[in-house]
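Q: I would like a close look at one part of this protein, together with the parts that surround it. Please take me through it step by step, and give the reasoning wherever a conclusion depends on a number.

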Amino acid sequence: EKFRWFISSEGFLVIGGRDATSNEIVIKKYTMPYDLVFHTDMTGSPFFVVKSEGKVIGDKITSLV
């Protein structure tokens, strides 16, 4: 598969890159204004996007930050 992905316990789709190219695609093509983006300062770490689809993202996910 092109990306890493899973469905969170609250039902949100979470998409992450596998390499620099897929990270860029995730951020530029699939991130919308109300989505949450996670990334670390470590070189080579993937970006992960929590797709909100207009719903409020709860404390279970936001407490990860």
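A: Leaving aside the neighbours within four places in sequence, serine 45 is in contact with Asn23, His39 and Thr40, and these contacts, like everything below, are read from a predicted model. Serine 45 itself sits in the loop between S3 and S4, and because its relative accessibility is 13%, below the 20% limit, it counts as buried. With threonine 40 the link is a polar contact between the two side chains, at 2.8 Å.

Another of those contacts, Asn23, leads us to helix H1, where the buried residues are Ser22, Asn23 and Val26. Viewed down the axis of H1, these buried residues fall within an arc of 110°, so they line one face of the helix. It helps to recall that an α-helix has 3.6 residues a turn, so residues three or four places apart point the same way. The buried residues of H1 pack against S2 and strand S4, which covers residues 48-51, whereas on the other side of the helix Ala20, Thr21, Lys28 and Lys29 are exposed.

The start of H1 deserves a look of its own, since a side-chain oxygen of aspartate 19 reaches there to within 3.2 Å of the backbone nitrogen of threonine 21. Further along H1, glutamate 24 forms a salt bridge with lysine 28, with the closest N and O atoms 3.1 Å apart. Both of these residues belong to H1 and are four residues apart, about one turn of the helix. Glutamate 24 has a relative accessibility of 45%, so it counts as partly exposed, while lysine 28, at 67%, counts as exposed.

A search of the whole structure finds two salt bridges, and the other one joins aspartate 35 to lysine 51, where the closest N and O atoms are 2.7 Å apart. This pair links distant parts of the chain, for aspartate 35 lies in the loop between H1 and strand S3 (36-38), and lysine 51 lies in strand S4, 16 residues apart. Both aspartate 35 and lysine 51 are buried.

H1 also takes part in an aromatic pair, the count for which comes to one. The partners are phenylalanine 3 and tyrosine 30, whose ring centres are 5.7 Å apart and whose planes meet at 80°; because that angle is over 60 degrees, the pair is edge-to-face. Phenylalanine 3 lies in the segment before strand S1 (4-7) and tyrosine 30 in H1 (residues 20-30), so the pair ties together parts that are 27 residues apart in sequence. Phenylalanine 3 is buried, at 13% relative accessibility, but tyrosine 30 is partly exposed, with a relative accessible area of 32%.

Finally, S2, against which the buried residues of H1 pack, has a strand partner of its own. S1 and strand S2 (residues 13-16) run antiparallel and are joined by four bridges, and within this arrangement phenylalanine 6 has valine 14 in S2 as its bridge partner. The two strands form a hairpin with five residues between them, and glycine 11 in the turn has a positive phi of about 90°.

Key. Residues numbered from 1 in each chain as written. Predicted model: local features only at pLDDT ≥ 70, side-chain atom pairs only at ≥ 80, totals over all residues. Heavy atoms only, no water. Phe/Tyr/Trp six-rings, centres within 6.5 Å; stacked < 30°, edge-to-face > 60°. Buried < 20%, exposed > 50% of the residue type's maximum accessible area, 1.4 Å probe, protein only. Pairing = 2+ DSSP bridges. Arc of directions from axis to C-beta. Contact = heavy atoms within 4.5 Å. Polar contact = N/O pair within 3.5 Å; in protein donor to acceptor, adjacent residues only side chain to side chain. Salt bridge = Lys/Arg side-chain N within 4 Å of Asp/Glu carboxyl O.
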